Amino acid sequence: SFFLLYSICYLPYYLTFFPGNCGADTWESLSMVEGLIPWTNHHPVLFTAALLVVRKLTAFLPLIGSVGVFSVLQMFAVAATLAYLSMRVLRTQVHASCKILAVGMFALHPFVGMYSIYLSKDVLFSVVMILLCMKIYDVLMEKGEPLSKPLTLSMERGSKIALVGANGIGKTTLLKTLGLIARPNGGDIWYKDRKVSNIYGD
């Protein structure tokens, strides 16, 4: 699975930079967790609280071990999120080379590997934003009742056509469908006496 692939690809970064790639913000959050400085909201409290939970659950380990556990959990979270995104990319109608490029970048790009073990609020925030964007996409692309009646349209080269209608009636969707960006619910699209809607495999 992609999760296993990505986890294996990120593991060398984890082992090389154990217990994780720490920045100034990480050390301040850890200092709050250890009670060395008072808690502030200068750093996101949720990130510091997540560090605290892991520290409490791994109190039998030295601090470096707890940080290592947090780092590997974060790495797995990144791998799982990108694996889910990869599965969704594979189900789209984009060209196979784009799919291979996306998976290759997620697996092999050093930035992604280093980012997966960078102990910062930014990484977990990125994971949440990716999941949120996918959910928003799902809501926007949900298939419900058709917004308009079936349409038969013929356009000649050089003709000027205006799409007029209320907001949300489907003008943009029609243009995306004609441009083969969005998959039609039914019917065919022809260009120069050639059926081009079979790009979707129908």
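**Close-up views of a predicted model**

**View A. The second largest pocket encloses about 170 Å³ of space.** Helices H4, H5 (96-108), H6 (110-116) and H7 (121-141) are the elements that each give two or more residues to the lining of this pocket in the predicted model. H7 provides the largest share of the lining, 4 residues.

**View B. Residues that line the second largest pocket.** The lining is made up of Val 78, Thr 81, Leu 82, Met 105, Phe 106, Phe 111, Val 112, Tyr 115, Val 123, Ser 126, Val 127 and Ile 130. By residue class, 10 of the lining residues are nonpolar and 2 are polar, while no charged residue is present.

**View C. Surroundings of Arg 88 in helix H4.** Helix H4 spans residues 63-90 and includes Arg 88. The relative accessible area of Arg 88 is 14%; because this value falls under the 20% cut-off, Arg 88 is classed as buried. When neighbours within four places in sequence are left aside, the contacts of Arg 88 are with Met 134, Tyr 137 and Asp 138.

**View D. The cis peptide bond from Phe 18 to Pro 19.** The omega angle of this bond is near 10°. Pro 19 is placed in the loop that runs between helix H1 (2-16) and strand E1 (21-22).

Technical notes. Residues numbered from 1 in each chain as written. Predicted model: local features only at pLDDT ≥ 70, side-chain atom pairs only at ≥ 80, totals over all residues. Heavy atoms only, no water. Buried < 20%, exposed > 50% of the residue type's maximum accessible area, 1.4 Å probe, protein only. Contact = heavy atoms within 4.5 Å. 1 Å grid on protein atoms, 1.4 Å probe; cavity = no way out; pocket = protein on both sides within 12 Å on 5 of 7 lines; lining within 4 Å. Points joined across faces, edges and corners; volume = space filled by probe spheres on them. Nonpolar A, V, L, I, M, F, W, Y, C, P; charged D, E, K, R; others polar.
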